[in-house]
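Subject: Structure handover

Hi,

Here is the structure we talked about. Please load it before reading on; my notes follow below.

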Amino acid sequence: MSDCTHDCETCGQKCGKENFMAKPLPTTKIGKMIAVMSGKGGVGKSMVCDLLAVNTLRSGRKVAVLDADVTGPSVPRAFGLKEKAMATEDGKIYPVVSEQGVKVMSMNLLLDEDDSPVVWRGPVISGAVKQFYTDVVWEDVDYMYVDMPPGTGDVPLTVFQSLPVDGIVIVTTPQDLVSMIVGKAVKMAEMMNVKILGIIENMSYVECMGCGKKIYPYGKSKLEKVAAEYSIPVLGRLPITPELSEKTDDGEIESVGNYLADAMNVIFNV
């Protein structure tokens, strides 16, 4: 690859420096983009993404969530969003804004019914994710969080190649397979030259309401060992607690307590 410094998209030369980056609307200005991903489903990745967005909003910053999990969108429900996204004749889409001010774009904001399935092949899904970035009127956003689908397939590849991701947060749970699952996410990030900000363990423990002792229903956490193995920092541990599950299900994620304070310290220094 040559060391050219011009705009390779317009020069027409075969210099080997292809640019896959998508371009947002001229009115869109995004400060930092953080992708939240996991090597497998069912680890609470979307909830972690939503909590990071809520904590960022509480700091006084302008926040948005791009729900890239097209076939399993859950962000609108967590924020209690009832209205649908509005589209204009010229193809622009307006995000739906939560009660406290988080801008959200998700496939479920475009469907007539929330339980309607999205039966699309990978390239079409990837194209929709790009449109959520290029065609949505985001305007000024300090931090945009991207809720990635689980795994390392078409959509994560599209996001890393096409969107200006500043870093990723990996979400996992305290199980024996955690090392392998985290390893897949870490190696994909390294292949795509994306910075790994750290790892968050969900469903880490249950706190006894009587004595305050921590109980580990999935066994003692191996998070420190895994984090050391891949040289990534631990950003936090989330307990199994009725508040998190109930508030998420009831669309009141913006009213939960102050979780993931350590993660915010890292994210604000990206």
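Is Cys49 buried or exposed? Cys49 is buried, because its relative accessible area is 0%. Keep in mind that this is a predicted model.

**Cysteines**

How many disulfides does the structure hold? The count is 0. Take Cys211 as a test case. The closest cysteine sulfur to that of Cys211 belongs to Cys208, 3.5 Å away. The cut-off for a disulfide is 2.5 Å, so the two sulfurs are too far apart for a bond. Cys211 also counts as exposed, because its relative accessibility is 57%. Cys49, by contrast, is buried.

**Aromatic rings**

The whole structure gives 2 aromatic pairs. One of them joins Tyr143 and Tyr145. Their centres are 6.5 Å apart and their planes make an angle of 20°, which puts the pair in the stacked class. Both tyrosines are buried.

Tyr143 also pairs with Phe268. Here the centres are 5.6 Å apart. The planes stand at 65°, so this pair is edge-to-face. It links distant parts of the chain. Tyr143 sits in strand β7, residues 140-147. Phe268 sits in the segment after α9, which spans 261-267. The two residues are 125 apart in sequence.

How do the partners compare in accessibility? Tyr143 has a relative accessible area of 6%, so it is buried. Phe268 has 24%, so it is partly exposed. Taken together, Tyr143, Tyr145 and Phe268 make one aromatic cluster.

**The cavity**

There is 1 cavity of 30 Å³ or more. The largest cavity holds about 60 Å³ of space. Which residues line it? They are Lys40, Val43, Val171, Thr172, Thr173, Gln175, Leu177, Val178 and Ile181. Two elements, β8 and α6, each give two or more residues to this lining. By class, the lining has 5 nonpolar, 3 polar and 1 charged residues.

Thr172 deserves its own entry. It is one of the lining residues and lies in strand β8. Thr172 is buried, because its relative accessibility is 4%. Which residues does Thr172 touch, leaving aside neighbours within four places in sequence? The contacts are Val43, Val178, Val182, Ile199, Ile200, Glu201, Asn202 and Leu223. Val43 and Val178 are in the cavity lining too.

**Helix α5**

Helix α5 covers residues 154-162. Its buried residues are Val155, Pro156, Thr158, Val159, Phe160 and Ser162. What do they pack against? The partners are β1 (29-37), α4 (122-134), β8 (167-172) and α6 (178-191). So β8 and α6 turn up again, because the buried residues of α5 have heavy atoms within 4.5 Å of these two elements, and both also help to line the largest cavity.

Gln161 lies in α5 as well. Gln161 counts as partly exposed, because its relative accessibility is 31%. Beyond its neighbours within four places in sequence, Gln161 is in contact with Phe20, Met21 and Met192. Gln161 and Lys23 are 138 residues apart in sequence. In space, their C-alpha atoms are 12 Å apart.

Over to you.

Technical notes. Residues numbered from 1 in each chain as written. Predicted model: local features only at pLDDT ≥ 70, side-chain atom pairs only at ≥ 80, totals over all residues. Heavy atoms only, no water. Buried < 20%, exposed > 50% of the residue type's maximum accessible area, 1.4 Å probe, protein only. Helix = DSSP H or I, 4+ residues; strand = E, 2+ residues; numbered from the N terminus. 1 Å grid on protein atoms, 1.4 Å probe; cavity = no way out; pocket = protein on both sides within 12 Å on 5 of 7 lines; lining within 4 Å. Points joined across faces, edges and corners; volume = space filled by probe spheres on them. Nonpolar A, V, L, I, M, F, W, Y, C, P; charged D, E, K, R; others polar. Phe/Tyr/Trp six-rings, centres within 6.5 Å; stacked < 30°, edge-to-face > 60°.
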